[in-house]
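This report covers side-chain pairing, one helix and core packing in a predicted model. The sequence and structure come first.

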Amino acid sequence: MAASSGGKSPAVVLQGAKDGFVRVRKRDLEKLTTEVMQLRDFLPRVLNGDLIQMLHKARAAHTVKEQLTQEQEQLRQECLHLQSRLDAAQTECQKEREEKLLLREQLWQSRAELQQQADFCSGLGSAACSLLWSCSSSEQTVTHWLADGKLQAFLVVAAQTLESFVRSLDEDMRTEDYNSQEHQFVLAVAGTITNIAAVTSGRDFLSSSAQVLLDTLMKLLELMKPGVFPKLKVLMLMALYNVSINIKGLKYISENPGLLPLIWTLLDDGDWEVSLHSLRLLQSVLLEEEVLLLLGSCLLDPNLQARVSQLTSSKQQSLRVTAQQTLEDLQALGQGHRCKQNNI
């Protein structure tokens, strides 16, 4: 068999093909076996480091992928939760918006009703105080009010009413709607006070038991800007003048350090009636000797005489005559003061 092969290596039969056997030379098989063994020894040296590194990277990438998948799932769950909360918040917001619109409508309705009530109260107050103003012109009525013992409470409310109104006046206001219920109400309150002070028992009561009201009247006259609501100023000045007829009342208002500065300011108010009643209040001060001793130095101020002198050329006769009389009183006061100094 070896001879028949011509001295060549005998063939090795391999089984495994579908046709049966494959014939391979023994030398080729050995060579192939050697090469395979060499590759088995050589390849791990070349590929082992890179392969292990790649395997580590693959494992790390797989781990990261799993983590990302978990985080993605967690984020998806959170997103679903936030979406659920958003839907609930939007539903609540829509509900609150509807409630707000309903409340706004109710507020508008309440404002309208409140305005109606305020208008009604203003009308009622105006009518009631107008009746009081009319009734207070009777001395018997004022006497009855004093005997009733409730006049003090009325005067407290009246002072608060006047102060609230004056503080709400527009500084740039130059004309007034005297037909408005609010103005009629305030004028009636001031007019009632003036009429109470016109009665002897009334001004006695104001001088002794309503001094806070007198302070309020002077403070409000000081707060009111020139030319603003002169009719109210006139009524308050008339009330102070009526009180000044009472000696105790005159002494009290004269002790107020703001009295003369107030008179000086009102002399230049711009409304002739305000100036007229300011002069009358000044005349009342000039007639009381004890008050002159208290205010003498201020009354001798040449600027005061100059202001009064300017009013003597007024076109209004009553103002012109009163200014002339007041100027003469001031001049007589000045002459008397100079005579005393000369005698000294």
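How many salt bridges are there by the rule used? The count comes to 5 in this predicted model. Three of the pairs are listed here with their N to O distances.

| Basic residue | Acidic residue | N to O distance |
|---|---|---|
| Arg76 | Glu73 | 2.7 Å |
| Arg167 | Glu163 | 3.2 Å |
| Arg307 | Asp268 | 3.7 Å |

The pair of Arg307 and Asp268 links distant parts of the chain: Arg307 belongs to helix α12 (residues 302-311), while Asp268 lies in the loop between α9 and α10, 39 residues apart. Arg307 is partly exposed at 26% relative accessible area, and Asp268 is partly exposed at 43%.

Arg76 and Glu73 are 3 residues apart in helix α1 (residues 26-135), so about one helical turn separates them. Glu163 and Arg167, 4 residues apart in helix α3, are likewise separated by about one helical turn. Glu163 counts as partly exposed at 22% relative accessibility, whereas Arg167 is exposed at 52%. Both residues are linked with Lys219 in a network of salt bridges.

Helix α6 (residues 211-223) has 13 residues, which at 1.5 Å a residue should span 18 Å; the end C-alpha atoms are 19 Å apart, in agreement. Its buried residues include Leu213, Leu217 and Leu221. Among the elements covering the buried residues of α6 are α3, α4, α5 and α7.

The largest nonpolar core holds 65 residues, of which Leu155, Leu162, Leu232 and Val308 touch the most other members. Beyond its neighbours within four places in sequence, Leu232 is in contact with Leu162, Phe165, Val166, Val186, Leu187, Ala190 and Met224.

Methods. Residues numbered from 1 in each chain as written. Predicted model: local features only at pLDDT ≥ 70, side-chain atom pairs only at ≥ 80, totals over all residues. Heavy atoms only, no water. Core = buried A, V, L, I, M, F, W, Y, C linked by side-chain atoms within 4.5 Å. Buried < 20%, exposed > 50% of the residue type's maximum accessible area, 1.4 Å probe, protein only. Contact = heavy atoms within 4.5 Å. Helix = DSSP H or I, 4+ residues; strand = E, 2+ residues; numbered from the N terminus. Expected span 1.5 Å × (residues − 1). Salt bridge = Lys/Arg side-chain N within 4 Å of Asp/Glu carboxyl O.
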